[in-house]
Amino acid sequence: MKTFYLVSIVLLMSPAFAYSQNNPERAKGAFSAQFLISTDLKSVNLHMIGGNFKYSIGNNGYSVALMPTLSFKEDHPEDGKRKKPFVRPGFSIGPLYQYKRYMVGIPIFYQDDKWHLNIGIGMRVGS
């Protein structure tokens with residue numbers, strides 16, 4: 001069974017290798033990542049920019065993005081309640097403005113039975 005999975009992966013990836021060898025200028029910038037660091041003055045959040053609807057004009061880009069999020073927040077439980085972890089995963093959505101590699105965003109996400117509105121800055125790494 002392991003052999004089947006290995007052969008399947010190699011066969012599925014072979015077109016990507018062939019494309020990168022035939023078009024070296026396109027394959028140079030195959031890696032790209034975008035992230036945003038935001039705060040709501042109670043926590044700090046790291047957003048990895050995922051799927052988005054984007055409209056670009058020259059060096060400016062406007063988008064609404066779905067962002068997997070890691071929230072870093074110290075929990076202060078009330079009487080008898082369990083303390084929550086310092087790092088908590090989640091999803092957020094919000095508008096982004098991008099100029100070249102830099103961006104400003106206003107993500108909103110739901111955590112602890114409340115909506116949290118953040119503002120943050122970020123950048124694109126790679127191509």
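## Close-up views of a predicted model

**View 1. Side chains alternate along strand β6 in this predicted model.** In strand β6, which covers residues 102–105, Met103 and Gly105 point to one face and are buried, whereas Tyr102 and Val104 point to the other face and are not buried. This follows a general pattern, because in a regular strand the side chains alternate between the two faces of the sheet. The chain that holds this strand has two helices and nine strands, and from the N terminus on its elements run α-α-β-β-β-β-β-β-β-β-β.

**View 2. Strand β6 pairs with β5 and with β9.** The pairing of β5 with β6 is antiparallel and extends over four bridges, and in it Gln98 stands opposite Met103 of β6. Strands β6 and β9 also run antiparallel and are joined by four bridges, with Met123 in β9 as the bridge partner of Tyr102.

**View 3. Lys100 sits in the turn of a hairpin.** Two residues lie between β5 and β6, which form a hairpin, and Lys100 has its place in the loop between these strands. Its phi is near 55 degrees, a positive value in a residue other than glycine. For comparison, most residues other than glycine have a negative phi. Lys100 counts as partly exposed because its relative accessibility is 45%.

**View 4. Asp113 is another residue with a positive phi.** Although Asp113 is not a glycine, its phi is positive, at about 60 degrees. The residue is found in the loop between β7, residues 108–111, and β8, residues 114–117. Asp113 has a relative accessibility of 66% and therefore counts as exposed, since the cut-off for that word is over 50%.

**View 5. Six residues make up the largest nonpolar core.** This core consists of Leu36, Ile49, Ala65, Met67, Leu96 and Met103, and Met103 is one of the residues of β6 that point to the buried face in the first view. When residues up to four places away in sequence are not counted, Met67 touches, among others, Leu36 and Ile49 of the core, as well as His47, Phe91 and Pro107. Over the whole chain of 127 residues, 24% count as buried.

**View 6. A nonpolar patch lies on the surface.** The patch, of about 1,000 Å², is made by Tyr55, Ile57, Tyr62, Tyr97, Tyr99, Val104, Ile106, Leu117, Ile119 and Ile121. The elements that give two or more residues to this patch are β3 (52–57), β5 (87–99) and β9 (119–126). Tyr62 belongs to strand β4, residues 60–72, and counts as partly exposed because its relative accessibility is 41%. The accessible surface of the whole chain comes to about 9,400 Å², and 66% of that surface belongs to carbon and sulfur atoms.

**View 7. Lys73 is a buried lysine in a loop.** Lys73 is found in the loop between β4 and β5, and it counts as buried because its relative accessibility is 17%, which is under the cut-off of 20%. Leaving aside neighbours within four places in sequence, Lys73 is in contact with Lys42, Ser43, Pro85, Phe86, Arg88, Asp112 and His116. For the chain as a whole, 45% of the contacts between residues at least 6 apart in sequence join residues at least 24 apart.

Technical notes
Residues numbered from 1 in each chain as written. Predicted model: local features only at pLDDT ≥ 70, side-chain atom pairs only at ≥ 80, totals over all residues. Heavy atoms only, no water. Buried < 20%, exposed > 50% of the residue type's maximum accessible area, 1.4 Å probe, protein only. Contact = heavy atoms within 4.5 Å. Areas by Shrake-Rupley, 256 points an atom, 1.4 Å probe, with all protein chains shown as cover. Patch = residues over 30% accessible without salt bridge, like charges linked within 9 Å, V, L, I, M, F, W, Y side chains within 5 Å. Salt bridge = Lys/Arg side-chain N within 4 Å of Asp/Glu carboxyl O. Pairing = 2+ DSSP bridges. Core = buried A, V, L, I, M, F, W, Y, C linked by side-chain atoms within 4.5 Å.
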